[in-house]
4 protein chains.
Amino acid sequence: MADLPGPDRAGAPGVGDLVFGGHDVAGPPLPKRVAMLAEGGVVPAGLPGVLEEELAAVEARIRPGAAPSRGRAQREAAARIEEDLRRFREEEGLDRVVVVDVSSTGPPLPPDGPAAAAAASADLLEEALDRGGAPLPASSLYAYAAFRAGCPVASFTPGPGPCLPALEEAALREGLCWAGSDGKTGETLLKSVLAPMFAQRALRVRSWSSVNLLGGGDGETLSDPASAGSKTASKGRGLRSMLGTDVAGPLHIDYVPDLGDFKTAWDHVSFEGFLGVRMSLQFTWAGCDSALAAPLVLDIARLTARANQVGETGPLGALAFFFKDPVGSQEHALSAQWDALVEWCARLGREGEGA
Amino acid sequence: MADLPGPDRAGAPGVGDLVFGGHDVAGPPLPKRVAMLAEGGVVPAGLPGVLEEELAAVEARIRPGAAPSRGRAQREAAARIEEDLRRFREEEGLDRVVVVDVSSTGPPLPPDGPAAAAAASADLLEEALDRGGAPLPASSLYAYAAFRAGCPVASFTPGPGPCLPALEEAALREGLCWAGSDGKTGETLLKSVLAPMFAQRALRVRSWSSVNLLGGGDGETLSDPASAGSKTASKGRGLRSMLGTDVAGPLHIDYVPDLGDFKTAWDHVSFEGFLGVRMSLQFTWAGCDSALAAPLVLDIARLTARANQVGETGPLGALAFFFKDPVGSQEHALSAQWDALVEWCARLGREGEGA
Amino acid sequence: MADLPGPDRAGAPGVGDLVFGGHDVAGPPLPKRVAMLAEGGVVPAGLPGVLEEELAAVEARIRPGAAPSRGRAQREAAARIEEDLRRFREEEGLDRVVVVDVSSTGPPLPPDGPAAAAAASADLLEEALDRGGAPLPASSLYAYAAFRAGCPVASFTPGPGPCLPALEEAALREGLCWAGSDGKTGETLLKSVLAPMFAQRALRVRSWSSVNLLGGGDGETLSDPASAGSKTASKGRGLRSMLGTDVAGPLHIDYVPDLGDFKTAWDHVSFEGFLGVRMSLQFTWAGCDSALAAPLVLDIARLTARANQVGETGPLGALAFFFKDPVGSQEHALSAQWDALVEWCARLGREGEGA
Amino acid sequence: MADLPGPDRAGAPGVGDLVFGGHDVAGPPLPKRVAMLAEGGVVPAGLPGVLEEELAAVEARIRPGAAPSRGRAQREAAARIEEDLRRFREEEGLDRVVVVDVSSTGPPLPPDGPAAAAAASADLLEEALDRGGAPLPASSLYAYAAFRAGCPVASFTPGPGPCLPALEEAALREGLCWAGSDGKTGETLLKSVLAPMFAQRALRVRSWSSVNLLGGGDGETLSDPASAGSKTASKGRGLRSMLGTDVAGPLHIDYVPDLGDFKTAWDHVSFEGFLGVRMSLQFTWAGCDSALAAPLVLDIARLTARANQVGETGPLGALAFFFKDPVGSQEHALSAQWDALVEWCARLGREGEGA
């Protein structure tokens with residue numbers, strides 16, 4: 001969207017105005033990672049050299065992430081991250097910090113477990129943290145810390161993140177907004193234009209089967225059925241909404257290491273037309289998830305910053321365009337999401353004029 | 001669209017209110033054709049039996065079409081068709097007749113030839129017909145006769161049809177509307193949702209290659225390069241409009257007789273994302289053109305009738321949703337076409353209320 | 001293969017010389033089943049009418065199959081099937097009866113369970129049957145009865161069938177042959193020509209991912225993970241053998257009811273060539289399993305009958321051409337299997353001459 | 001095939017024993033070309049650096065190719081190439097030189113033209129050259145010079161090359177062998193395993209449609225219909241041979257520049273099984289032609305050298321495995337070609353032992 005009238009028109013900060021930092025639990029340092037991406041064909045071969053200095057500067061701003069914490073340690077971990085965020089904002093002299101969660105997929109929160117119970121309100125959550133119940137999954141721990149530090153949050157991965165009643169309550173109390181969740185980069189992106197087409201043409205979809213072959217770290221995480229649950233739930237929701245009915249068909253996510261940073265998705269749609277005649281559509285999407293995600297992450301960060309600047313609070317439904325499982329919006333069809341985004345950007349742009 | 005709020009909401013006549021007639025140049029009678037479709041799996045096996053009486057009734061209303069006519073014979077042919085249309089309206093006691101062109105694809109009009117010159121205005125056309133210039137291609141001959149008989153026209157095939165200055169002038173003089181052209185049933189339908197997706201996501205399309213394997217009569221006609229010219233021109237226009245730039249890649253239409261009434265289209269899209277990384281999408285559409293076209297033809301006929309009833313004149317841009325090469329509209333993206341159609345239907349529906 | 005020089009050249013009985021009977025556990029009678037196949041587009045619409053008499057005659061020869069039996073009932077069930085086979089041979093005045101197992105896929109035999117222990121030798125098996133251990137899975141129960149009745153066996157489904165030491169011992173004692181297992185009709189058929197191609201061209205296969213979408217009864221059975229185990233094991237074995245190494249990649253079998261008697265398989269092969277450059281092949285196979293299986297079943301029955309006639313005993317490795325998981329052969333490459341079959345047919349044909 | 005028992009078993013010279021030279025009409029020097037291949041992802045990024053010295057050495061041995069020559073200049077061009085070949089052999093102290101034609105595709109020889117007449121015998125050819133008839137197309141000019149210099153020839157591109165009566169006569173007189181033509185690297189390779197599968201399984205192929213999207217220089221050449229004629233003829237021949245009948249369906253070769261050194265081929269096969277039921281197979285091959293061709297060229301050069309060493313003369317039918325349009329063989333099925341090659345290599349290997 002870089003050259004479409006999105007963030008710019010909204011009056012969002014330019015990419016060059018951003019300062020990048022982060023938390024990371026492990027893994028090689030940033031320059032090494034970019035070198036690996038260059039080797040895998042994801043970024044141009046010369047890039048690591050050209051950006052050596054910038055990458056080192058960002059690496060220096062990356063702080064240790066929070067390891068899975070038990071008991072009272074979770075409150076301490078949250079406090080440490082909150083402090084990191086405050087210091088980052090001060091030291092860099094920033095107007096605001098947007099926390100974007102691009103970590104690996106975590107498992108969904110068991111709906112009837114103690115964690116869900118603790119997440120039901122801000123008070124219950126504080127209580128559970130105090131007594132060492134360690135109720136927050138990793139993605140929500142960062143959101144909690146972010147909201148306490150006065151930072152809006154965008155959740156690019158599936159999993160609870162900021163979308164727990166307790167955290168939403170906290171965000172609203174602080175006058176913050178949040179966006180999410182699960183960046184829509186590939187197969188689901190296609191579904192969000194193809195499913196409305198079938199509906200508008202009254203072509204009844206009989207089954208929709210989906211296979212995702214992923215290499216890379218994401219594929220490995222998703223080969224764990226517990227984590228995959230978040231993802232397949234997130235991917236499935238939209239189809240039902242766009243077609244107005246449940247649709248049969250498997251949804252597989254498979255780890256195929258040799259694909260590296262690339263992904264191949266195959267979908268088979270069986271549908272029927274006039275007088276029941278059977279037809280089919282199949283597509284193969286061969287994409288590079290990181291390359292598809294990167295510009296979205298930039299746009300989301302810029303737009304969330306702008307939303308925060310003009311005082312938007314609550315879930316940013318206007319950013320549904322970017323997500324598989326949008327917060328603050330029931331809309332899954334890409335074109336309707338696009339229209340909503342364009343309108344919202346225009347409105348934010350006008351606010352800028354008045355300022 | 002039968003169960004979506006299109007024609008019904010617009011206050012269009014119901015399918016049961018329609019009386020079907022037509023002109024046909026040759027071929028087996030209608031009951032035989034339906035039997036052939038049943039054999040080819042396009043309609044249920046029992047249908048020809050169930051509809052025996054209705055099909056015979058329609059067959060009785062089909063009049064001989066106009067054979068290619070030279071010299072002064074063309075004016076006579078036009079007069080005969082006009083007379084047929086008037087008599088059909090009278091004998092059946094109809095409020096109005098909509099002429100839908102579902103004939104085979106004809107060649108485009110050579111832009112600098114005498115026919116194009118004659119078609120430049122109603123006066124020039126009349127003059128050319130008088131002196132035996134036979135300037136009208138088949139699809140336009142019917143449109144000419146239809147307009148003279150006071151009938152709106154919908155052009156479901158590629159080719160000039162009603163879209164010649166002389167005919168448009170005549171239609172406007174009679175206060176008539178027209179719709180077209182070239183029904184969007186398969187590969188182009190997909191392009192009209194996928195191309196906007198690439199544009200909205202700022203994924204630069206590097207090439208878009210299209211192959212259409214068609215059996216049936218349409219495939220045979222289109223294996224004639226002269227006729228195919230209309231089709232490929234019609235199919236190509238939209239992509240440029242939706243992507244904002246010319247896109248490389250072949251566009252083939254091949255006649256593969258064994259496919260019968262079915263069609264298989266394969267498209268290969270090469271595109272690039274962040275920092276130029278290359279990706280691809282390919283799809284295969286296995287559809288039944290007749291089954292995809294039939295409900296569109298019904299909706300178009302009903303909506304054109306309704307437009308005529310409420311006094312709409314000129315090209316019906318709101319029907320762009322149905323066409324590869326829409327008249328009265330520059331919009332090729334399906335979702336925008338859909339929005340325009342829904343709004344237009346709602347407006348026509350309100351006119352009905354006031355009546 | 002009907003018109004290729006297989007069974008005919010081998011001197012096998014003609015299709016017209018066969019008399020069909022069978023055992024079936026349930027389901028509608030044969031004429032009704034054929035009517036359902038006609039409705040699903042698997043056989044011509046007129047066929048059930050044309051074959052009414054023949055189908056009724058076969059239906060009259062179908063005997064109740066053996067329900068899952070416990071304790072001593074299993075010996076009784078086996079005795080009843082054996083008796084059915086003897087009577088069928090006598091009443092129809094047949095030279096021999098070939099038992100072909102085309103039942104649904106059953107689960108594999110747990111390798112360390114009591115059933116496997118009992119199947120280790122003919123004596124142990126008899127003992128287990130006597131004491132009511134009911135050691136035989138359904139497919140093996142029929143094979144047991146068949147061998148006792150002096151009938152060769154062909155196993156067209158996955159699962160143990162005749163391939164248990166105890167049964168093989170019994171068959172050899174009776175001088176019988178057997179063939180199997182798991183008819184190679186679709187995706188595995190393609191693998192058996194594509195994998196040798198990669199090997200012969202020294203193109204290293206990096207991953208091979210397979211998805212099978214099946215409607216119909218077979219799909220339903222295979223949606224049960226226990227039964228699917230037999231199938232995926234059977235499908236996986238060949239690839240390793242043909243490529244000389246294990247290959248990563250998922251193998252899914254999914255039940256997609258709306259596909260009816262048809263199946264769609266998608267395979268994605270990632271491979272590398274000179275100096276490690278990455279390439280890919282993908283294919284989609286849209287086939288009708290029943291229609292692909294039927295001629296193979298006929299050929300297998302005829303060839304097994306012929307093998308029995310000329311006194312072949314033991315596993316019929318020459319029939320590997322027909323099977324995913326061939327008995328008596330380590331060969332999975334189709335062309336090598338074809339060569340072996342052609343040679344074997346020629347040899348059997350010559351035996352006929354000498355007779 | 002590098003690690004399969006082909007050239008090595010045949011006693012062919014090792015890759016390390018080869019000395020590379022060549023003729024080239026134009027284009028950047030070899031090190032630059034390899035750098036371009038590295039940029040296009042065809043060879044590893046570091047390769048140009050590692051091989052700098054070797055590439056410069058080969059570049060130094062590349063001689064100017066023959067520009068299209070008219071009149072008497074053609075005889076002079078041939079003499080110059082012959083002299084180049086002799087000098088290369090002497091200066092490098094080589095046992096023998098194999099000339100492999102890897103030039104761009106040239107047009108086929110018009111069957112009734114003067115060139116074809118001149119190519120009918122060695123005498124007529126000499127006469128035509130003497131009188132300035134310039135009868136030889138480029139690919140045959142090199143073959144002519146090679147044979148005069150005592151070198152066997154392998155033709156990796158389509159076009160006449162050594163396959164003209166006059167040249168074959170000359171080769172036989174010199175006791176030379178030749179191989180060709182048109183390396184089988186992609187879509188045709190797949191056809192050569194899939195078509196035999198359909199035949200062996202008695203699945204009647206109803207249509208076979210092929211689309212080849214090529215970037216790179218080869219694609220550009222083949223977008224010229226005259227040159228494409230050689231290629232499509234070469235590609236079409238095999239299918240007829242393997243299926244035993246003509247098969248309908250288009251065969252397209254399209255130039256899609258953005259694909260660079262890569263190629264995407266899509267084939268759609270419509271076939272029928274038992275009682276006429278319709279099924280389909282489609283595949284997409286995304287390959288790198290240069291990377292697929294390179295190891296074949298090495299194997300062909302080594303095997304042709306070995307054949308020359310042991311005194312084979314005439315067309316090398318045993319090398320059909322490598323070619324779309326094999327000389328000296330009617331066999332197009334890959335597995336049969338493979339068997340023939342393996343056997344031939346074994347025979348040549350044994351000759352080595354006797355020496």
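Two residues are taken to be in contact when heavy atoms lie within 4.5 Å. With that in hand, the interfaces of this predicted model can be explored one at a time.

The pairing of chain B with chain A is a good place to begin. Here 50 residues of chain B are in contact with 50 residues of chain A. Every residue that chain B uses has its counterpart in use on the other side: 100% of the interface residues of chain B are also interface residues in chain A, so the copies meet through the same surface. The geometry can be described in the same spirit. Two copies of a chain are related by a rotation about an axis and a shift along it. For this pair, a rotation of 180° with 0.0 Å of shift along its axis places chain B on chain A with an RMSD of 0.0 Å. Within chain B, F283(B) has the C-alpha nearest the axis, at 2.0 Å from it.

How much area do the two chains bury? The size of an interface is often given as the accessible area lost when the parts come together. Between chain B and chain A that area is about 3,800 Å², and carbon and sulfur atoms give 69% of it. On the chain B side, Q200(B), R201(B) and F274(B) lose the most area to chain A, together accounting for 20% of what that side buries. As for interactions between charges and polar atoms, zero salt bridges are found across this interface, while nine residue pairs are in polar contact.

Several elements of chain B build its side of the contact. At least two residues each come from α10 (187-200), β8 (262-272), β9 (278-288), α13 (289-309) and α14 (334-354). The largest share, 11 residues, is supplied by β9(B). Sorted by character, the residues on this side are 37 nonpolar, eight polar and five charged. Strand β9(B) also pairs with β9 (residues 278-288) of chain A, in the antiparallel sense and over seven bridges. Along this pairing, A286(A) stands opposite S280(B).

Attention now turns to chain A and chain C. This contact takes 18 residues from each of the two chains, chain A and chain C. About 1,600 Å² is buried between them, with carbon and sulfur atoms giving 61%. Chain A can be laid on chain C by a turn of 180° and a shift of 0.1 Å along the axis, with an RMSD of 0.0 Å. That is the relation of a two-fold axis. Here too, 100% of the interface residues of chain A are also interface residues in chain C, so the copies meet through the same surface.

Which interactions cross the interface of chain A and chain C? Four salt bridges are found there. One of them joins R278(A) to D258(C), with the closest N and O atoms 3.9 Å apart. In addition, 13 residue pairs are in polar contact across this interface. On the chain A side, β6 (204-214), β7 (251-255), β8 (262-272) and β9 each supply at least two residues. The largest share, five residues, comes from β6(A). The residues of chain A that touch chain C divide into six nonpolar, eight polar and four charged.

Side by side, the two contacts make a helpful pair to look at in the structure: zero salt bridges link chain B and chain A, whereas four link chain A and chain C.

Note on methods:
Residues numbered from 1 in each chain as written. Chains lettered and ligands numbered in written order. Predicted model: local features only at pLDDT ≥ 70, side-chain atom pairs only at ≥ 80, totals over all residues. Heavy atoms only, no water. Buried area = accessible area lost by both parts, 1.4 Å probe. Salt bridge = Lys/Arg side-chain N within 4 Å of Asp/Glu carboxyl O. Polar contact = N/O pair within 3.5 Å; in protein donor to acceptor, adjacent residues only side chain to side chain. Helix = DSSP H or I, 4+ residues; strand = E, 2+ residues; numbered from the N terminus. Nonpolar A, V, L, I, M, F, W, Y, C, P; charged D, E, K, R; others polar. Pairing = 2+ DSSP bridges. Least-squares fit on C-alpha atoms with pLDDT ≥ 70 in both.
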